[in-house]
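Trainee: Could you take me through this model, beginning with its core and then moving to its ring pairs and its pocket?

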Amino acid sequence: MTIPSLTSQRLILRLYRDLRRYASQLQFTDQEYFLQRVRREFELNRNVRDQKEIEFCYKRGRALLDQARVI
């Protein structure tokens, strides 16, 4: 799955929002820690321009949500 650059911004933003929503549903994990970790990951990868690396990070975030796992 290749993510077109224009669409990738929307997909990444949707992923971020979905992760924040997921954090509000956590019961056995510290929600604040999870949110900080998500923010940190997005900030660290803010300047990534390589399309393959963007795709890898996106898939990693999606897999986290699909498997309902904590980072």
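Trainee: Which helix gives the most to the largest nonpolar core?

Mentor: This is a predicted model, in which local features need pLDDT of at least 70 and side-chain atom pairs count only at pLDDT 80 or more, while totals for chains, interfaces and linings use all residues. Residues are numbered from 1 along each chain as its sequence is written, and side-chain values use heavy atoms, with hydrogens and water left out. The largest nonpolar core has 12 residues, namely Leu11, Leu15, Leu19, Tyr22, Ala23, Leu26, Phe34, Leu35, Val38, Tyr58, Leu64 and Leu65, where a core is a set of buried Ala, Val, Leu, Ile, Met, Phe, Trp, Tyr and Cys residues joined through side-chain atoms within 4.5 Å, and buried means under 20% relative accessible area, exposed over 50%, partly exposed in between (1.4 Å probe, protein chains only). At least two of these residues come from each of H1, H2 and H3, helices being DSSP runs (H or I, at least four residues) numbered from the N terminus, and the one that gives the most, with five residues, is H1.

Trainee: How far apart are the ring centres of Tyr22 and Phe34?

Mentor: Rings of Phe, Tyr and Trp (its six-membered ring) pair if their centres lie within 6.5 Å, with planes under 30 degrees apart counting as stacked, over 60 as edge-to-face and the rest as tilted, and by this rule there are two aromatic pairs. In one of them, Tyr16 and Phe42 have ring centres 4.9 Å apart and planes at 70°, so that pair is edge-to-face. The rings of Tyr22 and Phe34 also have planes at 70°, so this pair is edge-to-face, and their centres are apart by 5.6 Å.

Trainee: Are Tyr22 and Phe34 buried or exposed?

Mentor: Tyr22 lies in helix H1 and Phe34 in helix H2, 12 residues apart, and the pair links distant parts of the chain. For the other pair, Tyr16 is partly exposed at 22% relative accessibility, and Phe42 is partly exposed at 25%. Tyr22 and Phe34, by contrast, are both buried.

Trainee: What is the volume of the largest pocket?

Mentor: On a 1 Å grid over the protein atoms alone, a pocket is an open set of points where a 1.4 Å probe fits, with protein on both sides within 12 Å along at least five of seven lines, and lining residues have an atom within 4 Å of a point. The lining holds 26 residues, with Ile12, Phe42, Asn45, Arg46 and Cys57 nearest the centre. The volume of the largest pocket, taken as the space filled by probe spheres set on the points, is about 770 Å³.

Methods: Helices (H or I, at least four residues) and strands (E, at least two) are DSSP runs, numbered from the N terminus.
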